[in-house]
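Ready for a bit of practice? Have a look at the model, then work through the exercises below.

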Amino acid sequence: MSVYAIFQGVGYPLDIVVCSALGADMYDCVYPTRTARFGTALIPEGVLKLKHTAMADDVRPIDPTCNCMVCKNYTRAYIHCLVTKDAMGSQLLSYHNLYYMMKLGRDLHTSIIQGCFPEFVCGFLQKMFPKGDVPEWVCNAMEVAGIDISSCCAPFSSS
Ligand SMILES: [Zn+2]
């Protein structure tokens, strides 16, 4: 018999990685498309605010490591121009964000099947928190899940 844990409303990429470590199997959330409507793209380092004026002259793709149609064809500057003017920008961002979430799910699943989920978690956390400032709740959850993330986690200061 199989038992699935389904999390409605989860969520952010970090939440999905943490909840998967704790045993959740399925997710359902508006976040990727809702945040796209506000001009925000999901990237391995966290989020990218395309409405920010710094994006106006940035000719890189949203995420240089992403293979989606949007990242292959459009610059941050072009999408900045769209999201500050009409709805087409949020459609492109939704496409990228859903692609990002599907790849995250696929990579996460593959790492479990291949027996390297702890390494996947560390790689994910190192990209999102390059300074090692992984939130304490994430460290606590990983300890409960039995996943050692000490290599990508800076020790907490007592202040
Ligand atoms: Zn993309």
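Angles under 35 degrees between two axes count as roughly parallel, over 145 as roughly antiparallel, 65 to 115 as roughly perpendicular and the rest as oblique. Keep that handy, and bear in mind that this is a predicted model.

**Exercise 1.** Work out how helices α1 and α7 are oriented to each other.

Solution. Start with the two stretches: α1 covers residues 13–21 and α7 covers residues 136–145. Their axes come within 9 Å and cross at roughly 25 degrees. The cut-off for roughly parallel is under 35 degrees, so α1 and α7 are roughly parallel to each other. As for handedness, the crossing of α1 past α7 is left-handed.

**Exercise 2.** Find which residues make the contact between α1 and α7, and sort them by character.

Solution. From α1, go for L14, D15, V17, V18 and A21. Across from them, α7 brings W137, V138, A141, M142 and A145. Now sort them: nine are nonpolar, none is polar and one is charged. Asp counts as charged, so the charged one is D15 of α1.

**Exercise 3.** Track down the salt-bridge partners of D58, and say whether each residue is buried or partly exposed.

Solution. A quick reminder first: side chains of opposite charge can pair when their charged atoms come close. One partner is R60, with N to O at 2.8 Å. The other bridge goes to R76, where the closest N and O atoms are 3.1 Å apart. R76 sits in helix α4 (residues 76–83), while D58 is in the loop between β4 (46–49) and α3 (69–73), so this pair ties together parts that are 18 residues apart in sequence.

Next, check accessibility. Buried means under 20%, so D58, at 11%, counts as buried. R76 is buried too. R60, at 44%, counts as partly exposed.

**Exercise 4.** Where do D107 and K103 lie, and how many residues apart are they?

Solution. Both belong to helix α5 (residues 88–113), and they are four residues apart, about one turn of the helix. Their side chains meet in a salt bridge, 2.6 Å from N to O. With 31% relative accessibility D107 counts as partly exposed, and K103 does as well, at 34%.

Now put the bridges together. Shared partners join D58, R60 and R76 into one network. The full count for the model comes to three salt bridges.

Conventions: Residues numbered from 1 in each chain as written. Predicted model: local features only at pLDDT ≥ 70, side-chain atom pairs only at ≥ 80, totals over all residues. Heavy atoms only, no water. Salt bridge = Lys/Arg side-chain N within 4 Å of Asp/Glu carboxyl O. Buried < 20%, exposed > 50% of the residue type's maximum accessible area, 1.4 Å probe, protein only. Axes fitted to C-alpha atoms, helices over the stretch in contact; angles between N-to-C directions. Left-handed = near helix turned anticlockwise from the far one by under 90°. Contact = heavy atoms within 4.5 Å.
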